[in-house]
Amino acid sequence: KVAKIWPLDKHEYRRYGRQLIMSEIGLTGQLRLRSSAVLVVGVGGLGCPAAAYLAGAGVGTIGLIDGDTVEESNLHRQILHSTERVDMAKVDSAIASLKSLNPTVKYVPYHKRLTAEIALDIFDQYDVILDCTDTPASRYLISDSCVLLEKPLVSASALRTEGQLMVLNNPPLPAGNAQGGPCYRCVFPKPPPAASVVSCGDGGILGPVVGTMGVLQALETIKIITKGIQRSSEPPSLLLFSAFSNPPFRSIRLRTRKAKCSACSAQATVTREALESGSLDYVQFCGAVSPIDAL
Amino acid sequence: KVAKIWPLDKHEYRRYGRQLIMSEIGLTGQLRLRSSAVLVVGVGGLGCPAAAYLAGAGVGTIGLIDGDTVEESNLHRQILHSTERVDMAKVDSAIASLKSLNPTVKYVPYHKRLTAEIALDIFDQYDVILDCTDTPASRYLISDSCVLLEKPLVSASALRTEGQLMVLNNPPLPAGNAQGGPCYRCVFPKPPPAASVVSCGDGGILGPVVGTMGVLQALETIKIITKGIQRSSEPPSLLLFSAFSNPPFRSIRLRTRKAKCSACSAQATVTREALESGSLDYVQFCGAVSPIDAL
Amino acid sequence: MSAASSEDVIPITVEFSGGLEMLFSNQRKLDFSIAAKDESGLNSNVAFLVRYLCDNVMKDPRKDLFVLDDTVRPGILVLINDADWELEGEDKYEIQKGDNILFVSTLHGG
Amino acid sequence: MSAASSEDVIPITVEFSGGLEMLFSNQRKLDFSIAAKDESGLNSNVAFLVRYLCDNVMKDPRKDLFVLDDTVRPGILVLINDADWELEGEDKYEIQKGDNILFVSTLHGG
Ligand SMILES: [Zn+2]
Ligand SMILES: [Zn+2]
């Protein structure tokens, strides 16, 4: 037998040529992308563009988790779905589009809402997690799971004309190691009062605002993977986007890991056992979700 | 006959509800979107995401102009195209995707490269123009045409890990009116030396970098239309994006119209006659395109 | 420069984002001056600024959407000159001339 | 504060973007000090800075990709403290302490 001389297939050189020739990616970066697995939690306004650009870049395995079906009111911003796929599971609709864009990626569907019972088992199979969800409860659950399993987390959110983006738990060092990146609980130790939480359904959302944040999530994920996970040197920061402000983008320096964080410090009370036993009731912790005429 | 009571159809309230309820859009903004026509020049890495979010938002008519066919090397960033549509005209491939996302929009295909002979006739039918092209010659031609026809221009570009975005000729007042927004020639009176120009094919491009700029073009277009064309009050600015810099985004204050601009001042030499007669040779003006080992 | 005792107000910029501007009459940016000393004669800090905003600037009656237990409510980030206030001493940070203080509500939509 | 005659250098930040950094050994940001007076004893302006960069900082031999006809080549924007230099007097702008001067090459890809 003849040894394989080329590390990529011929069609991969063609498909990824425009990013392969860049020093920031190169052959090493492309091989890292191909051998990596990324989980997109939530296939809505953030998850659609994020997954599209991750698939385009050649991430080897993309997992998609969402329990919802496509609605007509999603289509102004959730660009992987389509009018003829209204009522289909969002995960299946998204995979149909993604396969058409890049059939060489392995797509793994999870047709359910993320819960504490299943989070760790699923997250364990991935290298980077994207939080594309829309409730405080899911944001705490995703962050806690990422800390427990030592996975970097690319977290974004959007509402009306504004968006926010953070890379958390990066580098993803064990809880108690102060050199690890801060987690969601370091930045937000307590959840917001339920009355202050507004969904896109109630507050509205401009498509390209959430779209921009989703594309930027794909970008941060590609940066993490191609550099080599564990190698982050970027200081923790929060990107704020406000479509009608001048300047529209603003970068904020975030804190490092909090010495008494309940998830990522040496005194962490958020343990694997606590999470799996259901003793951490995320929905309860974040209060009933009944957004009234609040913020 | 009974008078129509609702200004939008029932399905439009469903489809656009999430943006309709925002004060920045509202019913007036949605009606303006529906009655507007937007031209996307170039259906590549910028044009694909820009067109997707414009279609999603309910722009009434979207024109797409591009003379190229889909190549496999496009697919990592040109998310409206697909593997099975390699070799199809880009314009047709894009429209197939866009129709699936929003079949209620009217799509107008132009299967050709933009030239001075056809620019004015086509542009005249649109309210806002997006420059999603990739050569200096097309950028000058598009800007000149926008000035002559008094159309706002949303211009973006990207290469490697960086992107740039400007809204030009906004408000789109007649040449000689100093209150109009600056044009491309105000900012760049002379074209760059041909040896300094690098294409994405030669320099490389990261998908989400050009994707972010394209989505932001859609956003600026939606802002212009929903506010009412001619009503700009935003000072001219240039958004710089550099994916590996900190901070990644930077907003630059640009000059106003240049008193001696050859296109938009009272002394303009770029006239309708000059453009249509072919006496402005844009390719010649910008030098032969033969990017060597330059910038 | 060192003898600043005669100055009795400090000019600052306060900004609201993430929906908080709705509690402040839709103002995203306020330029104003705050007393250099608080009620007890100490240098004005961010805790004093938050009380001042709540009592004198906020017209909306839903104070608990901004302040809870005498400090900004959970889910609001306070940023001093584009840095998390945790890096600057939280509400004990003493306000300096020209400071930019940004209050951002976290967003949860997606 | 008013007697600044003894200072003979001005600390500034110079940045390169849009590919120009490749002409400057891939450096995107340089902090350094420039002489307060130029060869003729006049206050240093941006024209002097451009000459200085070309003669002393740029190692790449392709000078014409940065300078043409004694000024920055067409297609490069010069930004002084985040404003187009056209707003500040172009190359006659006199450099001030702490100025940020950014050279950006226009991009054309799409
Ligand atoms: Zn933590
Ligand atoms: Zn002009």
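**Entry 1: strand E5 of chain B**

I began with the strand pairing in chain B, where 7 bridges join E5(B) to strand E6 (residues 162–168) and the two run antiparallel. I note at the outset that this is a predicted model. I then looked up individual partners and found that Leu159(B) has Glu162(B) as its bridge partner in E6(B). The hairpin formed by E5(B) and E6(B) has 2 residues between the strands, and Arg160(B) takes a positive phi near 55° there.

I next asked which strand of chain B pairs with E5(B) in parallel fashion. It is strand E4 (residues 128–131), joined to E5(B) by 3 bridges. In this pairing I found Asp131(B) opposite Ser155(B) of E5(B). I followed the chain from E4(B) through H6(B) to E5(B) and recorded a right-handed β-α-β crossover.

I also checked how far E5 (residues 153–159) of chain B is covered, and 7 of its 7 residues are buried. Leu153(B), Ser155(B), Ser157(B) and Leu159(B) point one way from the strand, whereas Val154(B), Ala156(B) and Ala158(B) point the other way. Both sets of residues are buried.

**Entry 2: helix H3 of chain A**

I turned to helix H3 (residues 47–57) of chain A, which is mostly covered, with 11 of its 11 residues buried. Among them I list Gly47(A), Cys48(A), Pro49(A), Tyr53(A) and Leu54(A). Gly58(A), just after H3(A), takes a positive phi of about 95°.

**Entry 3: the nonpolar core**

I asked which residues touch the most other members of the largest nonpolar core. They are Leu64(A) and Leu64(B), in a core of 110 residues. I then looked up the contacts of Leu64(A), leaving aside residues up to four places away in sequence. Its partners include Leu39(A), Val40(A), Val43(A), Val91(A), Ile95(A), Leu98(A) and Tyr110(A). Ala51(A) is also one of these contacts, and I had already noted Ala51(A) as a buried residue of H3(A). As background, I recall that nonpolar side chains tend to be buried together in soluble globular proteins.

**Entry 4: aromatic pairs**

I counted ring pairs next and obtained 23 aromatic pairs over all chains. I examined Tyr140(A) and Phe285(A), whose ring centres are 5.1 Å apart and whose planes stand at 90°, so I entered the pair as edge-to-face. Tyr140(A) lies in helix H6 (residues 136–149) and Phe285(A) in helix H11 (residues 282–285) of chain A, so the pair ties together parts that are 145 residues apart in sequence. Are these two residues buried or exposed? Tyr140(A) is buried, with a relative accessible area of 1%, whereas Phe285(A) is partly exposed at 33%.

In chain B, I looked up Tyr140(B) and Tyr184(B): the ring centres are 5.1 Å apart and the planes lie at 85°, so this pair is edge-to-face. It links helix H6 (residues 136–149) with helix H7 (residues 184–187) of chain B, the two residues being 44 residues apart. I found both Tyr140(B) and Tyr184(B) buried.

Returning to chain A, I traced a cluster in which ring pairs link Tyr140(A), Tyr184(A), Phe188(A) and Phe285(A).

**Entry 5: charges over rings**

Finally, I asked which ring the charged end of Lys223(A) sits over. It is the ring of Phe244(B), with the charged end 5.3 Å from the ring centre. I then looked up Lys223(B), which lies over the face of Phe244(A) at 5.3 Å from the ring centre.

Definitions and conventions. Residues numbered from 1 in each chain as written. Chains lettered and ligands numbered in written order. Predicted model: local features only at pLDDT ≥ 70, side-chain atom pairs only at ≥ 80, totals over all residues. Heavy atoms only, no water. Phe/Tyr/Trp six-rings, centres within 6.5 Å; stacked < 30°, edge-to-face > 60°. Helix = DSSP H or I, 4+ residues; strand = E, 2+ residues; numbered from the N terminus. Buried < 20%, exposed > 50% of the residue type's maximum accessible area, 1.4 Å probe, protein only. Lys NZ or Arg CZ within 6 Å of the ring centre and 35° of its normal. Core = buried A, V, L, I, M, F, W, Y, C linked by side-chain atoms within 4.5 Å. Contact = heavy atoms within 4.5 Å. Pairing = 2+ DSSP bridges. Right-handed = clockwise from strand over helix to strand, strands pointing away.
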